[in-house]
2 protein chains.
Amino acid sequence: MRVLDLDTPALVVDLDRVEGNLARMAHRAAAAGLALRPHTKTHKTPQLARRQAEHGAAGLTVAKLGEAEVMVGAGFRDIFIANQIVGAQKVARLVALTRQAEISVGVDSLEVAEPLSAAFAQEGRRLAVLIEVDVGLGRCGVAPEAAEELAARVHALSGLTLAGFFCYPGQVYGARDAKEMEAIAAEEGRVMGELAERVAAFAGPGLRVSGGSSPTARHYRPGGGLTEIRPGTYVFNDRMQVARGAAEPEDCALTVLATVVSTPGPGRAILDAGSKALGTDPVPGWPGQGMLKEDNRAVVARVNEEHGFLDLSAASRSLRVGDKVEVIPNHCCFVTNLFDEMAAVRAGEVVEMWPVLARGRMQ
Amino acid sequence: MRVLDLDTPALVVDLDRVEGNLARMAHRAAAAGLALRPHTKTHKTPQLARRQAEHGAAGLTVAKLGEAEVMVGAGFRDIFIANQIVGAQKVARLVALTRQAEISVGVDSLEVAEPLSAAFAQEGRRLAVLIEVDVGLGRCGVAPEAAEELAARVHALSGLTLAGFFCYPGQVYGARDAKEMEAIAAEEGRVMGELAERVAAFAGPGLRVSGGSSPTARHYRPGGGLTEIRPGTYVFNDRMQVARGAAEPEDCALTVLATVVSTPGPGRAILDAGSKALGTDPVPGWPGQGMLKEDNRAVVARVNEEHGFLDLSAASRSLRVGDKVEVIPNHCCFVTNLFDEMAAVRAGEVVEMWPVLARGRMQ
């Protein structure tokens with residue numbers, strides 16, 4: 001089946017572009033001497049995690065316990081849940097999951113660490129934890145100046161192994177230019193590396209120092225302080241990555257195939273893909289909710305739930321009712337979360353349909 | 001099980017509030033002499049459609065053919081797909097569905113109407129179509145001044161029955177105040193009513209004249225031009241409806257139960273519900289992505305994919321790691337599309353878990 005024979009809206013993945021993105025990131029990580037632990041929240045799909053493993057991933061990252069369960073079910077055995085696990089139900093599931101695979105999790109407070117300690121001590125086993133450090137995003141994470149003390153207290157808890165530190169330099173999405181991104185990446189490595197060095201004095205060597213994001217990945221250098229990066233978006237890229245200078249339009253591998261259902265006026269077409277297919281994440285400075293793969297000047301100017309308002313005024317061709325187009329979305333991680341399956345495509349031919357197996361695993 | 005025993009994030013529906021919302025809208029429609037055909041894209045759930053039928057709904061509205069298939073499968077027999085059906089695959093499914101139930105659909109051009117005509121004429125049957133009229137939103141729909149001519153041409157096509165007209169006055173969400181909303185509702189009725197009267201001269205009486213939205217519903221009067229309204233959001237209400245003055249916070253029936261996973265500083269708490277649970281739809285003039293059910297001054301100031309940044313600086317109490325809260329989201333229709341199931345709750349007790357059966361039925 002050809003891509004254009006799919007009914008719409010449909011989620012489409014260009015495998016040649018994915019392969020290019022995976023090879024590029026593997027090369028970058030290797031050149032910087034970093035382990036690569038891709039964040040699978042972007043695709044939520046075991047078939048793509050497998051390709052990341054084939055491209056040198058040392059393990060996987062997930063955002064949720066439920067995603068970890070899916071990936072363990074699919075055969076993966078080294079998974080980092082880059083999040084706090086809170087609540088008795090989740091702790092019980094985590095205990096069960098660690099019987100099947102090597103799972104590490106984040107903690108950023110004793111309130112999070114102590115129930116984990118109690119549960120694993122009772123099991124007579126140890127859970128690997130990484131302390132989350134806030135390197136500037138202002139989300140979760142302990143402040144760098146308080147991280148050493150928290151590390152010492154976590155190190156002293158039974159049932160836990162202090163395995164290292166992690167951070168997410170998400171403030172990079174607010175950076176003005178590549179120079180500022182480079183500075184954020186350098187500072188991230190410095191803060192995390194110095195912290196790990198101090199803590200190694202009492203916790204021993206071999207700590208994981210995990211950071212990174214897709215836009216900062218090109219800026220890491222050997223000996224910069226991190227030992228591991230967890231980029232996610234790079235597998236597909238999207239309009240946000242293009243706007244941040246972290247990818248070219250030709251690197252965007254994920255699209256939403258949509259049909260023109262109405263042409264209410266010159267230079268305008270209404271698509272059958274709206275916010276429930278394209279999301280509503282904005283790209284700062286770039287109006288609209290997506291752009292056509294065939295012509296980036298054709299922009300989905302806005303979305304309602306079921307409709308995309310395509311602005312063709314700067315585009316190379318007009319469209320008619322029934323025409324199909326591929327839209328590069330603003331934020332690919334959000335879009336995969338809206339579809340139950342994706343069409344894996346090579347040279348315009350659908351080679352397989354993949355369920356987005358970890359979609360909806362919110363807990 | 002109590003609500004607070006649910007693992008998080010979880011979608012929660014307060015049935016007492018739903019009943020109040022359904023009764024209020026049924027009363028409004030009856031008082032204005034209008035048939036009520038609720039738009040089920042808001043909840044996508046047969047159990048709630050059934051309650052709407054019990055509260056006097058004359059039929060259901062859906063946004064997608066796939067949603068219609070789910071509702072027909074659940075036993076509903078009168079469904080309007082308020083959208084254009086475009087493409088051979090969808091037309092074939094529509095033909096099949098009309099063998100099981102009374103389905104009507106929208107058309108806003110001959111390009112949409114002619115393939116439907118051909119398919120149903122070949123079957124020797126007739127499909128009921130309503131012409132979509134653009135009353136000011138600028139989305140799909142033929143201009144009012146061109147609608148009579150399109151109606152005449154559709155009326156002349158074999159295989160189709162011209163059943164009426166429909167519109168969606170979505171520009172009401174940009175209205176400044178109730179007076180402007182009332183004017184939009186009055187103009188909608190005038191335009192649609194006059195059109196139907198002219199067309200009845202050649203198409204015969206009994207045309208459906210369908211319009212409306214949740215915020216305009218309180219402004220319709222008997223003899224105002226419409227015969228039917230299709231509000232959707234009213235079943236739950238949300239922060240957007242409160243901001244538009246169309247509901248009180250106490251009318252908001254849908255919440256996302258979330259857990260505090262981190263308290264990085266005074267007056268701040270990080271929730272385990274982010275954009276993948278709360279969406280990113282903005283409410284113009286009201287910053288943030290949601291507010292707590294227990295205290296509307298506590299606002300989810302922003303979201304990342306897996307995290308909500310709760311601002312408690314104006315709130316009545318502080319929160320600790322592990323505490324659970326219910327968030328009233330900005331836009332309930334989008335949020336139900338993110339969850340596979342919802343907890344139906346009465347007086348804090350979970351009485352049933354309902355699958356969001358039409359979620360993901362995008363085609």
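I began with B:V129 in this predicted model and looked up its contacts beyond the neighbours within four places in sequence, which are B:S104, B:V105, B:V107, B:A113, B:L116, B:V154, B:L160, B:T161, B:L162 and B:A163. I then asked which core B:V129 belongs to, and found this residue, together with A:V129, A:F165 and B:F165, among those with the most contacts inside the largest nonpolar core, a set of 239 residues. I noted beside this that nonpolar side chains tend to be buried together in soluble globular proteins.

Next I compared the two chains, and found that a turn of 180° with a shift of 0.0 Å along the axis lays chain A on chain B with an RMSD of 0.0 Å. I therefore recorded the relation as that of a two-fold axis. Which C-alpha of chain A is nearest the axis? I found that of A:T280, 2.9 Å from the axis. I also checked the contact residues of chain A, of which 98% recur in chain B, so that the same surface serves both copies.

Last, I turned to helix α3 of chain A, residues 65-73, and asked how many of its 9 residues are buried. I counted 7, and entered the helix as mostly covered; the buried residues are A:L65, A:E67, A:A68, A:E69, A:V70, A:M71 and A:V72, a list in which I noted the two glutamates A:E67 and A:E69. Looking for what these buried residues pack against, I found α2 (46-54), β3 (60-62), β4 (78-84), α4 (88-97) and β5 (102-107), all of chain A. After α3(A) I came to A:G75, for which I wrote down a positive phi, near 105°.

Technical notes:
Residues are numbered from 1 along each chain as its sequence is written. Chains are lettered from A and ligands numbered from 1 in the order in which they are written. This is a predicted model: local features need pLDDT of at least 70, side-chain atom pairs count only at pLDDT 80 or more; totals for chains, interfaces and linings use all residues. A nonpolar core is a set of buried Ala, Val, Leu, Ile, Met, Phe, Trp, Tyr and Cys residues joined through C-beta atoms within 7 Å. A residue is buried if 20 or more other C-beta atoms lie within 10 Å of its own, exposed if 12 or fewer, and partly exposed in between; C-beta atoms are placed from the backbone. Two residues are in contact if their C-beta atoms, placed from the backbone, lie within 7 Å. Copies are superposed by least squares on the C-alpha atoms of residues with pLDDT of at least 70 in both. Helices (H or I, at least four residues) and strands (E, at least two) are DSSP runs, numbered from the N terminus.
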